[in-house]
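Colleague: Please take a close look at one part of this model, beginning with a single residue and its neighbours, and work outwards from there.

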Amino acid sequence: MKKRLLSLLLAVGCLSVSLTPAFAAPQVGTSDPDLVLPYSEAEDPLADGNHLRSAQSGSDSGIFDKIFGEKISRVSNFTDKTYDVPSDINVYDGIDVSKWEDTINWTRVKQDGVDFAFIRVGYRGTSSGALYEDPMFHTYMEGAAEAGIPVGVYVYSQALTQEEAVAEAEFALERVKNYNVQFPIVMDYEYYTGSGRLDTANLSRTQKTQNVLAFCNTILNAGYQPMMYANKSFLSDDVYADEISEVSPVWLAHYTTNTSYSGSYDYWQYSESGRVDGINTDVDCNFYFTEGSLIPESLVCGFKDVLSSKWYADAVSYAFNAGLMTGTSNTTFDPNKALTRPMMAQILYNFCGCPSVTYSKTYTDVPAGAWYTNAVLWAAQNNIMSGYGNGTFGVKDTISREQIATVLYNFSRQQKLNTSARANLSTYTDASSISSYAVTPMQWAVASKVLSGRSATTLAPRSNTTRAECAQLFKNYLTGVGASLIKS
């Protein structure tokens, strides 16, 4: 979300890239919404100074007073200007960055008073419509985390359809899963230069609003907080911002000391030319308005080891409230504890209503009356889980990722769900380590978005699964391919 004027040399290099036929770019409006290509400066909407983001000014204290009530003056240390902000709301300082900020010393950034940051995860090309990852995304995420700066992420969107908006959301979700994202995942929706694919599509206001809602609902369903970013005129004239604000916060871009935007917003990008120690370029500056703390910390479902700020908070809440998982005690969930085979059987047994089971000595390590006995026997009788060849079930054994995929695959077939989906796993460097029995289940689980890689290139099929990961996995399953199993 940063305007950039490139040097002549860089501009010539950019032209060369655009003329080099490394791959054929899809036509505007006809691209595969899920197509991801290597970084392209020619397709990067922030690579020049011509996109139409938010170069607006103007103020109206009457409108500000109507939205927030009384206001006070606040000096930004990053612009040395004075801004009108609400008097009875906490105000936090943040920045947003992309590759164009180059190398960042995040420790110095924090020491200079930055409370939070939004980092660009990627963008949809303004011409090709393909998706591209910001080449500095992982470096920035790791640097901010090490410095203790909480982050959100944003996708520069050029979505023409709800399908493309969903693909953008899933693109972001795939890349944040290994990070602690405590701020929203943002759809940065804006025009480019008048000739970008969104500019020339002439979408209706309703269609653009539906695109935003599709993005936000996808993020919500994955257990994260969505948000829309746009400039004042886009929010006022190009979408129905009041509908969007019912689903997610709004991030307003308006470069002034007293904004005249009359809608609801929680974040205000007030400048694109701030100066922050640790960053050698101008940087976007933002205020965050909230009645609470920067990152509200509350217990989830009464578990003292599951705080609302954790990435797995919504998943644990979902699994607990659906009756799938309970705590390891009344006050602990043990989110980082490895899931065991009996725990997996118990989750599915709970989901199916705990049907009656007659005890039989099926496994030598499954006695009568244990907390897991009925679940294990039920899973075995229904061909969902089986024991080992030595006559044991392995009640003390942890369950691997490939075993969970196999169990859910078997369960889905038993429930007569469509299990024909298959993903090509050859892009994962450890695909050859998948056990032969689990290849098809893993292909199905990845294709069905039940399970994803531990990283962009690894599946870790034989690694243990934590209880928190299991909660997220079941949320993915029951809000996705297994949604029809939920009784209304």
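Modeller: Leaving aside residues up to four places away in sequence, Thr 465 touches Lys 337, Ala 338, Leu 339, Ile 399, Ser 400, Arg 401, Ile 404, Arg 454 and Cys 470; a contact here means heavy atoms within 4.5 Å. The model is predicted, with local features requiring pLDDT of at least 70 and side-chain atom pairs counted only at pLDDT 80 or more, while totals for chains, interfaces and linings use all residues. Residues are numbered from 1 along each chain as its sequence is written, and side-chain values use heavy atoms, with hydrogens and water left out.

Thr 465 sits in the loop between helix H14 (439-447) and helix H15 (467-478). Helices (H or I, at least four residues) and strands (E, at least two) are DSSP runs, numbered from the N terminus. With a relative accessible area of 4%, Thr 465 is buried. The classes are buried for under 20% relative accessible area, exposed for over 50% and partly exposed in between, using a 1.4 Å probe and protein chains only.

H15, which follows that loop, packs on two other helices. One is H13 (residues 401-414): the axes of H13 and H15 are 12 Å apart and make an angle of about 30°. Axes are lines fitted to C-alpha atoms, for helices over the stretch in contact, and angles run from 0 to 180 degrees between N-to-C directions. H13 and H15 are therefore roughly parallel to each other; angles under 35 degrees count as roughly parallel, over 145 as roughly antiparallel, 65 to 115 as roughly perpendicular and the rest as oblique. Their crossing is right-handed, a term used when the near helix is turned clockwise from the far one by less than a right angle, with left-handed for anticlockwise. From H13 the contact takes Ile 404, Leu 408, Phe 411 and Ser 412, and from H15 it takes Leu 473, Phe 474 and Tyr 477. These residues comprise six nonpolar, one polar and no charged. Ala, Val, Leu, Ile, Met, Phe, Trp, Tyr, Cys and Pro count as nonpolar, Asp, Glu, Lys and Arg as charged, and the others, Gly among them, as polar. Ile 404 of H13 is also among the residues that Thr 465 touches.

The other partner is helix H10 (residues 313-321), whose axis comes within 8 Å of that of H15 and crosses at roughly 70°. H10 and H15 are therefore roughly perpendicular to each other, and their crossing is left-handed. Here Asp 314, Ala 315, Val 316, Tyr 318 and Ala 319 of H10 meet Ala 471, Gln 472, Phe 474, Lys 475 and Leu 478 of H15. Seven of these residues are nonpolar, one is polar and two are charged. Phe 474 of H15 takes part in the contact with H10 and in the contact with H13.

H13 also holds Tyr 409, a buried residue with a relative accessible area of 9%. Beyond its sequence neighbours up to four places away, Tyr 409 touches Thr 419, Arg 422, Thr 440, Pro 441 and Trp 444. Between Tyr 409 and Ile 384, which are 25 residues apart in sequence, the C-alpha to C-alpha distance is 8.5 Å.

H13 meets helix H12 as well: the buried residues of H12 pack against helix H11 (341-351) and H13. Seven of the nine residues of H12 (residues 373-381) are buried, so H12 is largely enclosed by the rest of the structure. The buried ones are Thr 373, Ala 375, Val 376, Leu 377, Trp 378, Ala 379 and Ala 380.

Backbone angles deserve a note on either side of H12. Most residues other than glycine have a negative phi, and most peptide bonds are trans. Asn 383, which follows H12, has a positive phi near 55°. In the loop between H11 and H12, Cys 354 likewise has a positive phi, near 55°. Cys 354 is partly exposed, with a relative accessible area of 39%.

As for the setting, the protein chain has 15 helices and 14 strands. Of its 488 residues, 53% are buried. Among contacts between residues at least 6 apart in sequence, 69% join residues at least 24 apart.
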